[in-house]
Structure formats: C-alpha cells, structure tokens
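User: Please take a close look at the place where the ligand sits, and walk me through it slowly, since I am new to reading structures.

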Amino acid sequence: MTAYDETCIFCKIANGEFDTDFIAESDNVVAFNDINPVAPVHVLIIPKIHITSVHELGDEHQRIWNELLVTTQAVADKLGVTDSGYRLVTNAGANAGQEVPHLHIHLLGGKKLGSLG
Ligand code: AMP
Ligand code: ZN
C-alpha cells in the first residue's frame, strides 16, 4: 500500500494541497467539513495515509484507528455536539455508497438524525 495516492482527492486534502481548513489535526489524522453536508455538523475524519476503507485496516493500523476515534471525540467536543449526540458512519464499498475510496469517518450531528438504512 502506498501512503499517498496521487489520484485520490482525500490524499491531496490531507497533504494540504487545497489549503483546507482543518477542524482538527494530529500526527496521522485530519478532520474537515464535508463539502456537501447532510446535517448542521458534518465532518470527515481521515487518516493522512491512503487506506481504501475500514476493511483494509490491519494490526499495523491500530494506532491510526485509535487516533481517528480520539480525533472524532475532539471534533464532537469542539463543535458542541457531545451532549446532544452524534452519529459516526464509515462506508465501505459499493452497496454502502462509498464515493471516495480513502477511509473516512462521517461525524453527523446538530439535529435529530433519522433511522439507519
Ligand atoms: P462516501 O460516500 O462515504 O464516500 O462520502 C464521501 C463524502 O466526501 C461525501 O459526503 C462528499 O460530500 C464528500 N466530499 C467529496 N469531495 C470532497 C471535498 N473535496 N471536500 C470535502 N468533502 C468532500
Ligand atoms: Zn487517499
């Protein structure tokens, strides 16, 4: 697996190529607003290295996965949705509707969310 995929928009974002406003950043992770939000709070939390989906995570990624979750918690606190509640979604593959093949966690909040499905 290569760390940077030059055809991948999220690799470019993580690499700072679009001057994206990061809501949070740590050694291995960045978080930024979704360009097409479906809730008042809609943030994407992604690893800096190219990992296609959650299904590609292995033992060697434990630290990154932990950092993704810690960053997600920090974003929820920063944007004030911890008490009201939020939802995490990560799509893997076609039936889930994954559009960008670079692992990302959607953090959704700021309104009462509908049921899953
Ligand atoms: P998914 O369907 O889970 O792959 O989600 C991809 C998400 O990335 C969608 O919610 C898009 O709105 C979002 N997205 C695509 N391109 C960008 C971009 N350049 N900046 C921010 N969000 C993006
Ligand atoms: Zn990528």
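Analyst: A pocket, as the word is used here, is an open set of grid points, found over the protein atoms alone, where a 1.4 Å probe fits and where protein lies on both sides within 12 Å along at least five of seven lines. The volume of a pocket is the space filled by probe spheres set on its points. In this predicted model, the largest pocket holds about 500 Å³ of space, and ligand 1 sits in that pocket.

Consider the walls of the pocket before turning to the ligand. The lining of the largest pocket is made up of 21 residues, and those nearest its centre are Phe 10, Asp 34, Leu 44, Glu 99 and His 106. Sorted by class, this lining has ten nonpolar, nine polar and two charged residues. At least two lining residues come from each of H1, S2, strand S3 (41–47) and strand S5 (105–109), and H1 gives the most, with three residues.

The shell around ligand 1 can be described in a similar way. It has 16 residues, with Asp 34, Asn 91, Glu 99, His 104 and His 106 as the closest, and by class it has seven nonpolar, seven polar and two charged residues. Helix H1 (9–14) and strand S2 (29–33) each supply at least two residues of this shell, and H1 again gives the most, with three residues.

Within the shell, some polar atoms can be followed one by one. In the side chain of Asp 34, an N or O atom is 2.5 Å from an oxygen atom of ligand 1, while a polar side-chain atom of His 104 lies 2.8 Å from an oxygen atom of the ligand. Val 100 takes part through its backbone, where a polar atom is 3.0 Å from an oxygen atom of ligand 1. As for cover, ligand 1 has 510 Å² of accessible area on its own, of which the protein covers 83%.

Definitions and conventions. Residues numbered from 1 in each chain as written. Chains lettered and ligands numbered in written order. Predicted model: local features only at pLDDT ≥ 70, side-chain atom pairs only at ≥ 80, totals over all residues. Heavy atoms only, no water. Near = heavy atom within 4 Å. Polar contact = N/O pair within 3.5 Å; in protein donor to acceptor, adjacent residues only side chain to side chain. Areas by Shrake-Rupley, 256 points an atom, 1.4 Å probe, with all protein chains shown as cover. 1 Å grid on protein atoms, 1.4 Å probe; cavity = no way out; pocket = protein on both sides within 12 Å on 5 of 7 lines; lining within 4 Å. Sits in = over half its atoms within 2 Å of the grid points. Helix = DSSP H or I, 4+ residues; strand = E, 2+ residues; numbered from the N terminus. Nonpolar A, V, L, I, M, F, W, Y, C, P; charged D, E, K, R; others polar.
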